[in-house]
Amino acid sequence: NSLKMSGRFGGGAPKCPTCGKSVYFNEQVLALDKPWHRRCLKCAQCGKVLDPGSLNDRDGKVYCTYCYGSVAGLRGYGHGAVNESHVSGGAAGVAVSANSQ
């Protein structure tokens, strides 16, 4: 009987993607259409606590703007040399000629 009772308290609240614990309405922060604890909404790389409006996501993880540039392989936005382009994936500086075979 005690198992049935424990399922009624906290069992219906959504779970935080970071810690897996229940997130109650009065403590939730919505980001990426999911409820998070404010303290759990952190950059996956540097650990900085993020605001829902100042984050980027990649492969289900959240990043601050600075770390997202390095994780996504962006060039020319604070990462890499000045002469590199903003092309993702490190394709900057690779020239392909239509005449080469």
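This is a short talk about a few residues and contacts in the structure above.

Hi everyone, thanks for having me. Please keep in mind throughout that we are looking at a predicted model.

Let's begin with the core. Which residues make up the largest nonpolar core? There are 11 residues in all: Val 29, Ala 31, Trp 36, Leu 41, Cys 43, Leu 50, Leu 55, Val 62, Tyr 63, Cys 64 and Cys 67. Strands E1 and E4 are the elements that each give two or more residues to this core. If you are new to this, one general idea helps: in soluble globular proteins, nonpolar side chains tend to be buried together.

Now pick out one member of that group, Leu 41. What does Leu 41 touch, once we leave out residues up to four places away in sequence? Its contacts include Val 29, Ala 31, Trp 36, Leu 50, Leu 55 and Val 62, and those six names are also on the core list. Leu 41 touches Lys 48, Val 49, Asp 51 and Pro 52 as well.

Asp 51 brings me to my next stop. How many salt bridges does the structure hold? It holds 1, and the partners are the side chains of Arg 38 and Asp 51, at 3.9 Å from N to O. Both residues lie in the loop between E2 and E3, so the pair ties together parts that are 13 residues apart in sequence. Arg 38 is partly exposed, with a relative accessible area of 47%. Asp 51 is partly exposed too, at 46%.

Next, let's visit two residues with an unusual label on my notes: positive phi without being glycine. For Leu 32, phi is near 55°. You will find Leu 32 in the loop between E1 and strand E2, which covers 34-37. For Asp 59, phi is about 55°, and its place is the loop between strand E3 (56-58) and strand E4 (61-63). Are they buried or exposed? Leu 32 is partly exposed, at 33% relative accessible area. Asp 59 counts as exposed, because its relative accessibility is 72% and the cut-off for exposed is over 50%.

Last stop: Ser 22. This residue sits in the loop between helix H1 (2-8) and strand E1 (28-31). Ser 22 counts as buried, because its relative accessibility is 14% and buried means under 20%. What does its side chain make a polar contact with? The partner is the side chain of Lys 15, at 2.9 Å.

That's my tour, and I'm happy to take questions.

Definitions and conventions: Residues are numbered from 1 along each chain as its sequence is written. This is a predicted model: local features need pLDDT of at least 70, side-chain atom pairs count only at pLDDT 80 or more; totals for chains, interfaces and linings use all residues. Side-chain values use heavy atoms; hydrogens and water are left out. Helices (H or I, at least four residues) and strands (E, at least two) are DSSP runs, numbered from the N terminus. Buried means under 20% relative accessible area, exposed over 50%, partly exposed in between (1.4 Å probe, protein chains only). A polar contact is a pair of N or O atoms within 3.5 Å; within protein, one must be able to donate a hydrogen and the other to accept it, and residues adjacent in sequence count only if both atoms are side-chain atoms. A nonpolar core is a set of buried Ala, Val, Leu, Ile, Met, Phe, Trp, Tyr and Cys residues joined through side-chain atoms within 4.5 Å. Contact means heavy atoms within 4.5 Å. A salt bridge is a side-chain nitrogen of Lys or Arg within 4 Å of a carboxyl oxygen of Asp or Glu.
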